[in-house]
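User: Could you take a close look at the salt bridges in this model for me? I would like to know which parts of the chain they join and what surrounds them.

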Amino acid sequence: MKKIVLASTSIYRRKLMEQLGLPFEVDAPRYEEEMGLGIEPALLVKHLAAEKALSLKDRHPGALIIGSDQVFIDHRGQVRGKPGDFHAARKQLRGMAGKDHVFYTGLAVLDSDSGEIVRDCSEFRVSLRELSDDQIDAYLRKERPYDCAGSFKIEGLGVALMRETSGSDGSSLVGLPLIALVRALEHFGVCVLTATSHFISTKNHPRNQRAHPAGPDLFLRDLRDL
């Protein structure tokens with residue numbers, strides 16, 4: 001089986017990856033996120049996820065490299081990311097309380113040998129209940145979710161902020177859409193259920209009309225097109 005590398009330092013993504021029971025390595029991506037690219041959120045997160053994976057291509061030959069990124073769209077239609085500190089998180093949650101929001105989580109799996117990248121985007125909707133400033137401050141001090149888009153950890157106490165959630169893959173809200181990842185790995189010959197690999201190199205495979213050039217020796221495919 002090809003080596004699998006998770007291009008992330010996030011402990012949340014690492015824990016999700018461990019659910020699949022596959023051996024994998026973790027490496028910090030050599031890419032700085034660009035939030036102001038002026039493109040629609042689904043394309044943005046797929047682009048950011050692919051760039052994270054590509055940043056490790058030369059460091060991990062013969063590997064499948066997994067990148068993921070997440071943003072959310074607030075009730076005003078603005079793209080938001082991670083708050084970074086208490087004050088930004090408080091402002092973010094104040095603006096989110098009592099309103100509906102959409103989280104977009106991008107996934108990219110890169111075959112560093114062939115240059116093929118399979119991408120996907122998962123959407124998840126959340127509705128926060130009305131929250132007082134005291135409730136927001138108490139939550140932030142307890143969980144310190146400053147490295148999380150939306151300023152909450154849905155896998156932890158953040159569930160207490162919710163009125164309702166809806167989406168096809170709950171793991172996407174944590175930061176790594178596992179349902180899409182399982183399908184992407186199977187495309188590259190890695191079966192999560194049997195933990196075996198029957199990998200066939202795609203380096204010389206014909207590029208169909210839905211493959212998108214991504215630079216020399218690279219091409220992109222959307223998972224839903226496979």
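Analyst: Happy to help; below come the confidence, then the charged pairs, then a glutamine and the nonpolar cores.

Please keep in mind that this is a predicted model, in which local features need pLDDT of at least 70 and side-chain atom pairs count only at pLDDT 80 or more, while totals for chains, interfaces and linings use all residues. Residues are numbered from 1 along each chain as its sequence is written, and side-chain values use heavy atoms, with hydrogens and water left out.

The chain has a mean pLDDT of 86 (pLDDT is the predictor's confidence in each residue, from 0 to 100), and 88% of its residues reach 70 or more. Confidence is highest in helix H4 (residues 133-143), at a mean of 97, and lowest in strand S10 (residues 212-213), at 42. Helices (H or I, at least four residues) and strands (E, at least two) are DSSP runs, numbered from the N terminus. Over residues 197-213 the pLDDT stays under 50, so please read that stretch with the definition of pLDDT in mind.

Now to the charges. Side chains of opposite charge can pair when their charged atoms come close. The structure holds 13 salt bridges, each a side-chain nitrogen of Lys or Arg within 4 Å of a carboxyl oxygen of Asp or Glu.

One of them joins lysine 3 and glutamate 25, with the closest N and O atoms 3.9 Å apart. Lysine 3 sits in strand S1 (residues 3-7) and glutamate 25 in strand S2 (residues 25-27), so this pair ties together parts 22 residues apart in sequence. Lysine 3 is partly exposed at 30% relative accessible area, and glutamate 25 is partly exposed at 37%. Here buried means under 20% relative accessible area, exposed over 50%, and partly exposed in between (1.4 Å probe, protein chains only).

Another pair is lysine 46 with aspartate 222, whose closest N and O atoms are 3.2 Å apart. This pair links distant parts of the chain, 176 residues apart: lysine 46 is in helix H2 (residues 41-54) and aspartate 222 in strand S11 (residues 219-222). Lysine 46 is buried, at 10%, and aspartate 222 is buried too, at 13%.

Arginine 163 and aspartate 100 also meet in a salt bridge, at 3.2 Å from N to O. Strand S7 (residues 162-167) holds arginine 163 and strand S5 (residues 100-111) holds aspartate 100, 63 residues apart. Arginine 163 is partly exposed at 48%, as is aspartate 100 at 47%. Lys2, Asp111 and Asp113, in turn, are linked in a network of salt bridges.

Next, a glutamine. Glutamine 92 lies in helix H3 (residues 86-96) and is buried, at 13% relative accessible area. Its side chain reaches the backbone oxygen of glycine 81 at 3.3 Å. Leaving aside neighbours within four places in sequence, glutamine 92 is in contact (heavy atoms within 4.5 Å) with residues including Phe72, Pro83 and Cys148.

Finally, the cores. The largest nonpolar core has 45 residues, and Ile66, Val109, Phe152, Leu181 and Leu185 have the most contacts inside it. Helix H6 (residues 178-187) gives the most to this core, with five residues. A nonpolar core is a set of buried Ala, Val, Leu, Ile, Met, Phe, Trp, Tyr and Cys residues joined through side-chain atoms within 4.5 Å.

How values were computed
A polar contact is a pair of N or O atoms within 3.5 Å; within protein, one must be able to donate a hydrogen and the other to accept it, and residues adjacent in sequence count only if both atoms are side-chain atoms.
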